[in-house]
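This report introduces a structure to a reader who has not met it before. The sequence and model are shown below, and the text then considers the contact, the helices and the core in turn.

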Amino acid sequence: MKEQKIKNQIRRLRFDANEMTQAELAEKASVTRQTIIALEAQKYSPSLELAFRIAKVFDVPLEDAFQFD
Amino acid sequence: MQFLNNYSNRELNIWAELILDILVSFYFFPKIFSLIIDGQLYGDVLVGIIANTIIIAIIYSIFVFGAINALTKKEEKDERDYIYELKSYRISNIIYQVSIFILISQIVVFNPINPKPLTDFTAPMIAMLLLIITLLSSTGKSLTQLFNYRKNI
């Protein structure tokens, strides 16, 4: 499978955010839990809008949550 | 219940659609084709088979889709769902176009020049072939969606 070039720190950010669950993050970012699972497994590159939404949930700059390899 | 936890509501619904397509295929088409081959496809017989198929589909839908939606939480579609849906429609469209092209080629080009054609393309036969193409296209759509969902888990 083609490797995704956009890496993310969602799992670490969830852990830092008082061990937020995938379901809680999914609800706050208005996506399904399966999308969060795929993101954490680095198997799905989100749209720019979703990336901003997730960064906003954790209150961090976009580049702290997502990096381009 | 572990099975239900591993699959989202959407995936289970797609599985249910796929199984319904297969059930309909195994019930409907063998009956229709045997009637076409025997030359006994009359209106009342056809109506009976279609009515039975619709009743089976309705009963299946009530129980299976009802159970899925009662046991799992329904979720709003997100961007990933829409992307996979578009990919599956693309595959479905390719299957549809290629199948129609093959069917037209058979009818217009090969059938008249072939002394022993595989079948006579009568109106009921063409209607059934179009139904099969529709079903194939729908199955291709469901399989593509399931493949994409499982690939990324």
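How many residues do chain B and chain A each bring to the contact? The contact takes 7 residues from chain B and 10 residues from chain A, two residues being in contact if their C-beta atoms, placed from the backbone, lie within 7 Å. On the side of chain B that touches chain A, 4 residues are charged (Asp, Glu, Lys and Arg), 2 are polar and 1 is nonpolar (Ala, Val, Leu, Ile, Met, Phe, Trp, Tyr, Cys and Pro), with the others, Gly among them, classed as polar.

The model is predicted; local features need pLDDT of at least 70, side-chain atom pairs count only at pLDDT 80 or more, and totals for chains, interfaces and linings use all residues. Residues are numbered from 1 along each chain as its sequence is written, while chains are lettered from A and ligands numbered from 1 in the order in which they are written.

Chain B contains 5 helices and 0 strands; helices (H or I, at least four residues) and strands (E, at least two) are DSSP runs, numbered from the N terminus. Of its 153 residues, 12% count as buried, that is, have 20 or more other C-beta atoms, placed from the backbone, within 10 Å of their own. Two of the helices are set out here, the expected span being 1.5 Å times one less than the number of residues.

| Helix of chain B | Length | Span, first to last C-alpha | Expected span |
|---|---|---|---|
| Helix 2 (9-38) | 30 residues | 44 Å | 44 Å |
| Helix 5 (123-151) | 29 residues | 42 Å | 42 Å |

Helix 2 of chain B has a kink of about 25° centred on Ser25(B), the bend being the angle between axes fitted to the seven residues ending at a residue and the seven starting there. Its buried residues are Arg10(B), Leu12(B), Ile14(B), Phe28(B) and Ile32(B). In helix 5 of chain B, the buried residues include Ser137(B), Gly140(B) and Lys141(B).

The largest nonpolar core (buried Ala, Val, Leu, Ile, Met, Phe, Trp, Tyr and Cys residues joined through C-beta atoms within 7 Å) has 16 residues. Helix 2 (22-29), helix 3 (33-40) and helix 4 (48-58) of chain A each supply at least two of them, and helix 4 of chain A gives the most, with 5 residues. Ala29(A), Ile54(A) and Ala65(A) have the most contacts inside this core.

Chain A has a mean pLDDT (the predictor's confidence in each residue, from 0 to 100) of 90, and 94% of its residues reach 70 or more.
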